[in-house]
Amino acid sequence: MVLIDGTLIRTQRHTGKADRRNYSGKHRSHGLHFLALTDERGRLIWISAARPGRTHDNTAARHDHILAHLRAADLGALADLGFRGLDNDILDPVIVTGYIATRTHKLTRGEKEANRVLAVGRAPVEHGFAHLKNWRILAKLRTDPARATQLLRALLVLTNLEVNR
């Protein structure tokens with residue numbers, strides 16, 4: 001089993017209209033969106049290519065064909081609510097997400113407990129991102145997405161060396 005999540009790596013804003021697509025309304029800042037897979041201990045396994053900051057987790061996962069790759073590897077994944085609707089196979093889901101409450105549907109005790117268990121299981125992916133974001137070079141990132149992808153993949157290797165010591 002793997003854990004999947006998306007994160008925004010904040011960048012310094014470039015001037016002009018070209019950088020508007022890097023603005024994330026959710027975070028109210030400019031940045032680049034990345035998806036990552038971690039193991040159950042929070043070690044980063046894979047990181048996606050950089051996408052504009054406004055990209056949703058589901059959109060990035062569809063572009064990277066995450067579902068097909070997980071099925072081919074016979075793996076399951078725990079994910080947050082940002083991935084709801086990605087895997088519509090009810091009988092054999094690959095990506096497990098939590099339950100969402102609406103105005104008309106309040107969560108039952110069982111659904112709340114399932115969300116708690118899922119949150120505990122997903123905590124290591126957040127730790128993996130925290131280890132990756134500790135690199136000071138990311139504090140002043142101001143580059144194009146292709147170079148940012150190369151930089152983050154190099155930092156992924158260095159992070160795994162550091163964490164596994």
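Biologist: Which residue has its backbone oxygen 2.9 Å from a polar atom of the side chain of Asn58?

Modeller: This is a predicted model, where local features need pLDDT of at least 70, side-chain atom pairs count only at pLDDT 80 or more, and totals for chains, interfaces and linings use all residues. Residues are numbered from 1 along each chain as its sequence is written, and side-chain values use heavy atoms, with hydrogens and water left out. Asn58 sits in helix H1 (residues 57-63) (a helix is a DSSP run of H or I of at least four residues, a strand one of E of at least two, numbered from the N terminus). The partner for its side chain (a pair of N or O atoms within 3.5 Å, one able to donate a hydrogen and the other to accept it) is Arg84.

Biologist: Is Asn58 buried or exposed?

Modeller: Setting aside neighbours within four places in sequence, Asn58 is in contact (heavy atoms within 4.5 Å) with Gly82, Phe83, Arg84, Gly85 and Leu86. Its relative accessible area is 9%. Under 20% counts as buried, over 50% as exposed and anything in between as partly exposed, with a 1.4 Å probe and protein chains only, so Asn58 is buried.

Biologist: Which residue has its backbone nitrogen 3.0 Å from a polar atom of the side chain of Glu111?

Modeller: Glu111 belongs to helix H3, and because its relative accessibility is 15%, Glu111 counts as buried. Not counting residues up to four places away in sequence, Glu111 touches Tyr99, His105 and Lys106. The backbone nitrogen in question belongs to Thr108.

Biologist: What separates the C-alpha atoms of Glu111 and Ile100?

Modeller: Along the chain, Glu111 and Ile100 are 11 residues apart. In space, the separation of their C-alpha atoms is 8.8 Å.

Biologist: How many residues does the largest nonpolar core have?

Modeller: In soluble globular proteins, nonpolar side chains tend to be buried together. A core here is a set of buried Ala, Val, Leu, Ile, Met, Phe, Trp, Tyr and Cys residues joined through side-chain atoms within 4.5 Å. In the largest one, the residues with the most contacts inside it are Ile9, Phe34, Ile47, Leu132, Leu138 and Leu152. Its residue count is 19.

Biologist: Which elements each supply at least two residues of this core?

Modeller: To picture the packing, start at Leu152, which touches Ile9, Phe34, Ile47, Leu132 and Leu138, leaving out residues up to four places away in sequence. A second, separate core of 15 residues includes Ala61, Ile66, Leu86 and Ile95. Back in the largest core, the suppliers are strand E1 (2-10), strand E3 (29-38), strand E4 (44-47), H3 and helix H4 (145-163).

Biologist: What pattern does the protein follow, read along the sequence?

Modeller: The protein has four helices and seven strands, and buried residues make up 41% of its 165 residues. Among contacts between residues at least 6 apart in sequence, 54% join residues at least 24 apart. The order of the elements is β-β-β-β-β-α-α-β-β-α-α.

Biologist: Where does His65 lie?

Modeller: His65 has a positive phi of about 55° although it is not a glycine. It counts as exposed because its relative accessibility is 51%. Its place is the loop between H1 and helix H2 (66-72).

Biologist: What is the relative accessible area of Asp74?

Modeller: Asp74 lies in the loop between H2 and strand E6 (77-78). Its phi is near 55°, a positive value in a residue other than glycine. Asp74 is exposed, and its relative accessible area is 71%.
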